[in-house]
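User: I have a structure open and I'm new to it. Could you walk me through how to read it?

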Amino acid sequence: MAAEPVPGPLAAACGEVRPASEDDAVAGVLPRYVAWPASVAEASAVLAAAAGLDLAVLPRGTGTRLAWGAPPRRCDLVIDTLRLDRVLEHEAGDLVARVQAGVRIDDLAGVLGLAGQQLSLDFPAAPGEAGRGTVGGVLATGAAGPRRLRYGTPRDLSIGITVVLADGTVAHSGGKVVKNVAGYDIGKLFAGSYGTLGLIVEAAFRLHPVLAAAAFVTRDCAGPAAAQELIAAAVGSPLAPSAAEIDRPARGAPVRVSVLLEGDKAGVAERSALLRELLGGGASIAAVPPAWWGRSGAADGTLLRIAFWAGELAAVLDALDAAASEAGLDPPVGGSAAAGVIYAAVPGSAPAASVAELVTALRASRPLGPAGSADGDGLGPPSRGSVVVLHAPPAVRDAVDIWGPVPSAGLMRAVKDQFDPGHRMAPGRMAGGI
Amino acid sequence: MMDTLVQRLGEICGADGVVSDPLELRTYESDGLTSHRCSPGLVVLPQTAGQVAEIVTECARAGVPFVARGSGTGLSGGALPRTDGVLIVTSRMRKIISIDPASRRAIVEPGVTNLAVSKAVERFGLFYAPDPSSQVVCSVGGNVAENSGGAHCLKHGFTVHHVTGLQIVTPAGQLTWLGDGTGGSAGYDLLGAFIGSEGTLGIVTKIIVKLTKIPEAVTTLLAAFKTTGHGGAAVSAIIGAGILPGAIEMMDALAIEAAEAAVACRYPAGAGAVLIVELDGPQADVERETAAVRALCEEAGATEIRAAGDAAERAAIWKGRRSAFAAVGRISPAYIVQDGVVPRTALPRVLDRIAELSAEAGIRVANVFHAGDGNLHPLVLFDDATPEACEAAEVLSGAILDLCIEHGGSITGEHGVGADKSRYMPRMFGADDLATMQLLRCAFDPAGMCNPGKIFPTPRLCGEVPGIRRAPHPLVAAGEIEQF
């Protein structure tokens, strides 16, 4: 396809707009143009111009998690945030930073580290990626790592946001103080919204001090039930773990359990000794994480995110085993067991129909269904978990609803209709075809 | 119209579930912000989520606005009723439905009090972390509406960090769930957006709360200083040392005087400021941090430091702080409780400026604040015998909010905007910001019937005629929700 010349109004809106190339494709959908706004005003002008030209728009940072989510139904214009790269404010005494959306997470970590502070998000770099993406991308996809147990996810740490809506309107919510209940929290709505409500241009975050010491207490155990017991013992202890992760390379293999303790040197030394005793089974203490810590699957495979009530860990693993076995698969599984989020990685070579079968069976399994004692009486939520296909080869994406059912999809559609009435922002990326 | 509605609501809630006697209605004319009063048109006391859905459906059909109320302890008039509307009181919905200690979750009804949740799960070594000072009486449903925090939110976070699922009745009268209890459900985070929406997006009928492990050790320090400036320096030093206490509270001389008069809290005599620092966590960590905080307070010029090791001693230290709001009633005929926020590093400058404003206006201001997160509660003391004095106090109170905004802060840290502060919203947010927030309102409540007149200074027209439903709600069409 020959590159299209950039339309006048779009060229006038932004100092840097170019015809797109093959490299700009999003899940196989090739955009026509890419714009690099360098200010909020320019981003607003670009979106206003896109509205005038009826262009479908997709925000992009470093593209680290661009393969996540469903392919857009339409994509004419990619708005790249990498020129929105300024750390606007870091008041160390307030433990708050305000940054533009295109700031790289690793660069931000460098700046904050100089003051002994951090944005407490520890998700690892995706396979094949050099960095961990941008602030905007992390917010838009809700990426979080093992320490979500202690610090939560991007939505928990974000305290203010500036967005540009599909018509170019610039809007703020929250602010730069941690404690603030003035007005609706639009930041929550944009966290995990995959670009479907508008473009995130700035965000403010609550920070934490970098703690002096960390210890990983690790052991193997026989299977899901034993792993659940160990995780429960660690989380139920007074030792205040920051993360409790599991990893199991294959069905029937021992489950590796590793618990992270953070704090001052003396405290971590004491607590890790106590935890080693508590976990038993020859648990070891290390200052660095085990090799599998925070690991996810290969970029060309299917990555499932399974969210569940933490007390159902063993039942979820058993349900996964049953479903995978039935589908002729054996994905490695691991993740933040204590926080109720694990990941299963199916290799790219697996037949799409088998992956779809696995996902469908797992979604229907008991531990992700209604609450135990309240089964069927309507006193609990209709489901207690979800299976989301984070990324997958095209054949798998075609074979299964990657998001699955979500609660209140009708209200979500109503929100989308209000924020983006023309359905031009990353249409089709989100759950329910939003 | 109202007569038919009264009859229908009586059928739904039973005769004892409807209050229409004008005298009885007056019981509900205000929440914790007693300066705003309005007798509701009708009060209903449903007992089940299904009844709430039916009530809201009837109100929507009749085009009658409705307001939800929990225990009525809110301080911004968020539950202020309307004469032309129905007040839906959730105090009869107070069952703890289930407790799942293994998943650290409980499902509760909205009328359950905040403290009742912690008491019910204590036997599992767990508690519910948000602890607003009214926790003995305030309801979890109200906490959801206000995104309540409490003294310990500095470390433990707000309601939004501790609620993982909500069953709500939408303003169209439909029951649905936001979130699935995991804290990681797919799709838009409607749960996060709903919490703190002050009852304007729907009515909560069930809440899945996240439970937290009770810390192994808690110590509480009380440090006295000559001035709030010295106390503020100690706060900066503590935070700068990388210590994150559960709570850091400060009171100035006037607030101490009031607390002493009211509850004889026996804080160090002549102190210009007292700081309460509470540390929680693993025993050994807490001991070391306590020693460090003690040393930092001494370096900052503390004139006296007391430590509490057990619950009784801790209660003695907190007694003065907890009674502070009510205590100023002892030294002033009337007072306004303000709730502003500034970045912590701006605290000294802001406190100095508040003192100047107070002196210029000739109106006393007692300061009680959550120093760790910059949340100020200036208490503006005045004599309500004359309208001029009331007006002057209001002006001073507003000037303090302007000061907070000027320093990059907020007009409310925890009490909410409600009916009280909607007029200040345009000082903190631009027209586009407010219009964008209202898009969310329009998605949930296009007819504008759910707690109208709160948060926003002017309603937004959502392109629909209030109260008239033209087609089935999309949720009904999709078969996702039941309709009553």
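User: Let's begin with the domains. What distance separates the centres of domain 1 of chain B and domain 2 of chain B, taken over C-alpha atoms?

Analyst: Keep in mind that this is a predicted model. Over C-alpha atoms, the two centres are 22 Å apart. For orientation, chain B is divided into domain 1 (2-89), domain 2 (96-213) and domain 3 (218-406).

User: How many residues of domain 1 of chain B are in contact with domain 2 of chain B?

Analyst: A contact here means C-beta atoms within 7 Å. By that test, 14 residues of domain 1 of chain B are in contact with 23 residues of domain 2 of chain B. On the domain 1 side, α3 (49-62) and β3 (66-69) of chain B each supply at least two residues. The largest share of that side, six residues, is from α3(B). Sorted by class, the domain 1 side has eight nonpolar, six polar and no charged residues.

User: Now the whole chain. Why can chain B be called as compact as a globular protein of its length?

Analyst: The idea is to compare the radius of gyration with what a simple rule gives for the chain length. Let's start with what there is to pack: chain B has 17 helices and 20 strands. Its radius of gyration is 23 Å, close to the 23 Å that the globule rule gives for 484 residues, so chain B is as compact as a globular protein of that length. The C-alpha trace of chain B spans about 70 × 60 × 45 Å along its principal axes. As for burial, 60% of the 484 residues of chain B count as buried. And if you take the contacts in chain B between residues at least 6 apart in sequence, 70% of them join residues at least 24 apart.

User: Can we zoom in on one strand? Is strand β19 of chain B largely enclosed or open?

Analyst: To judge a strand, go through its residues and see how many are buried. For β19 (residues 375-382) of chain B, eight of the eight are buried, so this strand is largely enclosed by the rest of the structure. Look at both faces, too: N375(B), H377(B), L379(B) and L381(B) point one way, while L376(B), P378(B), V380(B) and F382(B) point the other way, and all are buried.

User: Which strand pairs with β19(B) over six bridges?

Analyst: That's β18 (residues 365-370) of chain B, in the antiparallel sense. One place to check is V365(B), whose bridge partner in β19(B) is V380(B). The two strands form a hairpin with four residues between them, and G374(B) in the turn has a positive phi of about 70°.

Other strands pair with β19(B) as well. Strand β16 (residues 334-337) of chain B runs antiparallel to β19(B) and is joined to β19(B) by four bridges; there, A334(B) has F382(B) as its bridge partner. Strand β17 (residues 340-341) of chain B is also antiparallel to β19(B), with two bridges, and V341(B) is partnered with N375(B).

User: Last one: how many residues does each chain bring to the contact between A and B?

Analyst: You may know that the size of an interface is often given as the accessible area lost when the parts come together. Here we count residues instead: 80 from chain A and 81 from chain B. On the chain A side, α13(A) gives the most, with nine residues. By class, that side of chain A has 41 nonpolar, 25 polar and 14 charged residues.

Conventions:
Residues are numbered from 1 along each chain as its sequence is written. Chains are lettered from A and ligands numbered from 1 in the order in which they are written. This is a predicted model: local features need pLDDT of at least 70, side-chain atom pairs count only at pLDDT 80 or more; totals for chains, interfaces and linings use all residues. A residue is buried if 20 or more other C-beta atoms lie within 10 Å of its own, exposed if 12 or fewer, and partly exposed in between; C-beta atoms are placed from the backbone. Two strands pair if DSSP finds at least two bridges between them. Two residues are in contact if their C-beta atoms, placed from the backbone, lie within 7 Å. Ala, Val, Leu, Ile, Met, Phe, Trp, Tyr, Cys and Pro count as nonpolar, Asp, Glu, Lys and Arg as charged, and the others, Gly among them, as polar. The radius of gyration is taken over C-alpha atoms; the globule rule is 2.2 Å times the number of residues to the power 0.38. Domain bounds come from an automatic or database domain assignment.
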